[in-house]
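Colleague: Could you take me through this model, beginning with the terms and then turning to the particulars?

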Amino acid sequence: MADLGQFGKPKGPLGKFFGWMMDRYNKLEHVETIKSLDLQPDDRVLEIGYGTGQAMILSAEKIHDGKIVGVDHSITMFEVASRKNNNWIDRGIVELHVGDAESLDFSQSSFDKVYSIHCIYFWTQPESNLQEIYRVLKDKGTAVIAIRTGKGEVYQKFTDTNVKKWMENCGFKNVTIRRLGKRKHKASVIMGEK
Ligand SMILES: C[S@@+](CC[C@H](N)C(=O)[O-])C[C@H]1O[C@@H](n2cnc3c(N)ncnc32)[C@H](O)[C@@H]1O
């Protein structure tokens, strides 16, 4: 497997520092993604690539009888997010796993909502992972993918229009793009329904 770097698979003390940077610079996408999901108190929600678990705190605040499940392949991020969310974990609202977006260890139709923020760029087969998201979503469930947009090489492949097209190829309906930010910090939230 290719080296994903500290943003793609944070590891050790340097990985924790990269996590700190994600918290600092990704707030807009965290807030806007959670807003798009319109979370309900009894929703079962999956977050893929939770990083330090900062967006998950925003989700957990909206859930009472449901659950937020997280999957990230970095053990360092699992440790950081577990500490940050320990209150929600103790209350049974948050459940964190180490795992890979390529193969989600959940049965089909397990979740009302699935989201992933700044993670898709590290997927070697994005359409196949989006198909996994489609599989674990319940009928009429919602998926949100949030990405940064810009001029860099990675953003040439992972454009919002490409993500929309991949989601439609997987069967998602009513796929919309919401563009956020300005100048150096532009992002898009792409949302679709099963
Ligand atoms: C750039 S960070 C973004 C973290 C967080 N979502 C945020 O917005 O701050 C990408 C995260 O996705 C995780 N990740 C990347 N590829 C993954 C995969 N195939 N399966 C699970 N997690 C993955 C990384 O370990 C990392 O924590």
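Modeller: A disulfide is taken here as a pair of cysteine sulfur atoms within 2.5 Å. This is a predicted model, in which local features need pLDDT of at least 70 and side-chain atom pairs count only at pLDDT 80 or more, while totals for chains, interfaces and linings use all residues. Residues are numbered from 1 along each chain as its sequence is written, and side-chain values use heavy atoms, with hydrogens and water left out.

Colleague: How many disulfides does a search of the whole structure find?

Modeller: The sulfur of Cys 170 has its closest cysteine sulfur in Cys 119, and because 15 Å separates them they are too far apart for a bond. Cys 170 is also buried, with a relative accessible area of 7%, where buried means under 20% with a 1.4 Å probe and protein chains only. Over the whole structure, the number of disulfides found is zero.

Colleague: Which residue has a polar backbone atom 2.9 Å from a nitrogen atom of the ligand?

Modeller: Polar contacts to the ligand are pairs of N or O atoms within 3.5 Å. A polar side-chain atom of Asn 26 is 3.1 Å from a ligand oxygen atom, and a backbone N or O atom of His 73 is 3.2 Å from a ligand nitrogen atom. The polar backbone atom at 2.9 Å from a nitrogen atom of the ligand belongs to Ala 101.

Colleague: What percentage of the area that the ligand exposes when taken alone does the protein bury?

Modeller: Accessible areas come from the Shrake-Rupley method with a 1.4 Å probe. Taken alone, the ligand exposes 590 Å², and the part of this buried by the protein is 97%.

Methods: A polar contact is a pair of N or O atoms within 3.5 Å; within protein, one must be able to donate a hydrogen and the other to accept it, and residues adjacent in sequence count only if both atoms are side-chain atoms. Buried means under 20% relative accessible area, exposed over 50%, partly exposed in between (1.4 Å probe, protein chains only).
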